Amino acid sequence: MSNMPLNGVYRAVFKANIAMSQSLLQDRFQIRKDQRHITLEKVKMLDKNSQIEPILTGDSSDIYKKIQEIIFSIQ
């Protein structure tokens, strides 16, 4: 799979966040993009500081695959 369009990755993160909220999990995911890489991050919403934990850094295809794994593990 070549690089996935970034809007597909954003859509997948949105779906993962919906799945997590339906499962009553308090953590959420976000994407941070820099010049060369995309980083998938987990944000712990219960912390007052919203602690951010990097999960994976890579290209859009890597991030998309990881998000799909997360969605399947939640459901």
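**Exercise 1.** What covers the buried residues of α2?

*Solution.* Begin with the basis of the work: this is a predicted model, in which local features need pLDDT of at least 70 and side-chain atom pairs count only at pLDDT 80 or more, while totals for chains, interfaces and linings use all residues. Residues are numbered from 1 along each chain as its sequence is written, and side-chain values use heavy atoms, with hydrogens and water left out.

Next, find the elements, which are DSSP runs numbered from the N terminus, with helices (H or I) of at least four residues and strands (E) of at least two. Then list the buried residues of α2, where buried means under 20% relative accessible area with a 1.4 Å probe and protein chains only: they are Ser-60, Ser-61, Ile-63, Ile-67, Ile-70 and Ile-71. Finally, look for contacts (heavy atoms within 4.5 Å); the cover of these residues includes α1, β1, β2 and β3 (52–58).

**Exercise 2.** Determine whether the span of α2 agrees with its number of residues.

*Solution.* The expected span of a helix is 1.5 Å times one less than its number of residues. For the 15 residues of α2 this gives 21 Å, and because its end C-alpha atoms are 21 Å apart, the two values agree. Helix α1 (residues 6–22), with 17 residues, can be treated in the same manner: its first and last C-alpha atoms are 25 Å apart, close to the expected 24 Å.

**Exercise 3.** Describe the sheet and the way in which α1 lies on it.

*Solution.* Two strands pair if DSSP finds at least two bridges between them. By this rule there is an open sheet of three strands in the order β1-β2-β3, with antiparallel pairing. Its edge strands are β1 and β3, each of which pairs on one side only. Between β1 and β2 there are seven bridges, and Ile-31 has Leu-40 in β2 as its bridge partner. For the helix, fit axes to C-alpha atoms, over the stretch in contact for helices, and take angles from 0 to 180 degrees between N-to-C directions; α1 lies across β1 and β2 and runs at about 165 degrees to β1.

**Exercise 4.** Which residues have the most contacts inside the largest nonpolar core?

*Solution.* Such a core is a set of buried Ala, Val, Leu, Ile, Met, Phe, Trp, Tyr and Cys residues joined through side-chain atoms within 4.5 Å. The largest has 14 residues, and those with the most contacts inside it are Val-9, Val-13, Phe-29, Ile-31, Leu-40, Ile-63 and Ile-67. Two or more residues come from each of α1, β1, β2 and α2, and α1 gives the most, with five.

Definitions and conventions: Buried < 20%, exposed > 50% of the residue type's maximum accessible area, 1.4 Å probe, protein only.
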